[in-house]
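Student: Could you take a close look at one part of this model with me? I'd like to follow the helix packing and the side chains around it, with the numbers spelled out.

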Amino acid sequence: MRPRALIEILRPVNDVMIGMAVIAGYLVGGGRAPLPALEGFFTGFLISGYSMVINDIFDVRVDVLNHRMRPLVRGDLSVRGAWALALSALALGMIASALTGVVTFVIAAIFAVLAFLYSARLKRMGLAGNIVVALSMAIPFLYGGVMGGINYLLVFVMFSTSFLTGLSREVLKAIADVKGDAASGIRSLPATAGVEVSAMLSAALIALAVPIAYIPVIAGLHSPFYVSGVSIASLIFILMAIDISRLRDPQRAYVMKRRMLIPMGIGLITYVVQGLLLA
């Protein structure tokens, strides 16, 4: 077992992003104490690491066929060693989640189960797999928000819009990969229902997310910054939805899914700042 292999299979950059999403949710929820934030970060980091490792374990045969030189394929780490690493990360992550309460422990457990189901089965089932990935993107915000325990409405809005726009982006990614997925037997939505139907669904998910972002405005829990930030993000999303609804060329989906990160980032910053202002 080589140290480099451990870093590669854990994908720490991705894990840090999940940990930071938990902290963002914590701040939006009204939390300010450093220790719970740190415990939440490590929960997200460790369970994300567990999900990365088991994904490689279940994909090892495919990676061999596709000549992807990942640690298990190179032999730098055994499958048994990978399972030991995954279960260790899971155990430590669950312990960290238990430190912040029963509800957060349950949410962390759900996240871990979804990660296992995705790697073991749902990845090849098209839309079901896309939904699990989108949930995995949104759950860290919910986890942190529950830890914060004050601004539940804003946490709900952040979770919902993150899930819907995340699912929209996952459908776009499936459109971009439609040829390879069809050849590999993956029952993605574009491969089974076509690019046009998939593009319309992706656009519709964005259209559903935009009004949800304005719920705090209707409820009076907003600031000029929130209105401005949400309006900018919403305008970009709406323009993108119009463009996506007309998508017919899978190659363009690659560009669109990258562009979607811009309004998603604006929205995240807006939620975090609004959460800080409500404290």
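Tutor: Here is a walk through one helix pair, its aromatic rings and then its surroundings.

First, the ground rules. This is a predicted model, so local features need pLDDT of at least 70, side-chain atom pairs count only at pLDDT 80 or more, and totals for chains, interfaces and linings use all residues. Residues are numbered from 1 along each chain as its sequence is written, and side-chain values use heavy atoms, with hydrogens and water left out.

Let's start with helices α3 and α7, whose axes are 9 Å apart and meet at an angle of about 15°. (Helices are DSSP runs of H or I with at least four residues, strands are E runs of at least two, and numbering goes from the N terminus; axes are lines fitted to C-alpha atoms, for helices over the stretch in contact, with angles from 0 to 180 degrees between N-to-C directions.) That angle makes α3 roughly parallel to α7; under 35 degrees counts as roughly parallel, over 145 as roughly antiparallel, 65 to 115 as roughly perpendicular and the rest as oblique. The crossing is right-handed, meaning that the near helix is turned clockwise from the far one by less than a right angle, with anticlockwise being left-handed.

Who does the touching? On the α3 side you'll find Thr43, Ile47, Tyr50, Ser51, Ile54, Asn55 and Phe58, and they meet Ala108, Phe111, Ala112, Ala115, Phe116, Tyr118, Ser119 and Ala120 of α7. Contact here means heavy atoms within 4.5 Å.

Now zoom in on the rings. The structure holds five aromatic pairs, where Phe, Tyr and Trp rings (six-membered ring for Trp) pair if their centres lie within 6.5 Å, and planes under 30 degrees apart are stacked, over 60 edge-to-face and the rest tilted. For Phe58 and Phe116, the ring centres are 5.5 Å apart and the planes sit at 80°, so the pair is edge-to-face. Phe58 belongs to α3 (residues 34-58) and Phe116 to α7 (residues 102-120), so this pair ties together parts 58 residues apart in sequence. Phe58 comes out as partly exposed at 32% relative accessibility, and Phe116 is partly exposed too, at 34%. (Buried is under 20% relative accessible area, exposed over 50%, and partly exposed in between, using a 1.4 Å probe and protein chains only.) Beyond its ring partner Phe58, Phe116 touches Tyr50, Ile54 and Trp83, not counting residues up to four places away in sequence. Elsewhere, ring pairs link Phe41, Phe42 and Phe45 into a cluster.

Back on α3, have a look at Asp56. This acidic side chain's residue is buried, at 2% relative accessibility. Leaving aside neighbours within four places in sequence, Asp56 is in contact with Ile9, Arg11, Asp63, Arg70 and Leu72. One of those partners, Arg11, sits in the loop between α1 (3-10) and α2 (12-29). Arg11 has a positive phi of about 50°, although it is not a glycine.

From α7 you can step to α8 through Phe111, which is in contact with Ser136 along with Ile18, again leaving aside Ser136's neighbours within four places. Ser136 lies in α8 (residues 127-148) and counts as buried at 16% relative accessibility. The axes of α8 and α9 come within 8 Å and cross at roughly 155°, which makes α8 roughly antiparallel to α9. Their crossing is right-handed.

On to α9 and α12 (residues 195-213): they pack at about 165°, with axes 9 Å apart, so they are roughly antiparallel. This crossing is left-handed. Among the α9 residues in the contact are Val157, Leu164, Leu172 and Ile175, while α12 contributes residues including Leu201, Leu205, Leu208 and Ile212.

Finally, the core. The largest nonpolar core has 71 residues, and those with the most contacts inside it are Tyr50, Leu172, Ile175, Ile244, Met260 and Tyr271. Its largest share, twelve residues, comes from α9 (residues 152-176). (Such a core is a set of buried Ala, Val, Leu, Ile, Met, Phe, Trp, Tyr and Cys residues joined through side-chain atoms within 4.5 Å.) Tyr271 touches Val28, Leu154, Val157, Met158, Thr161, Ala213 and Tyr226, not counting residues up to four places away in sequence. Tyr50 brings us back to the start: this residue is part of the α3 contact with α7 and touches Phe116.
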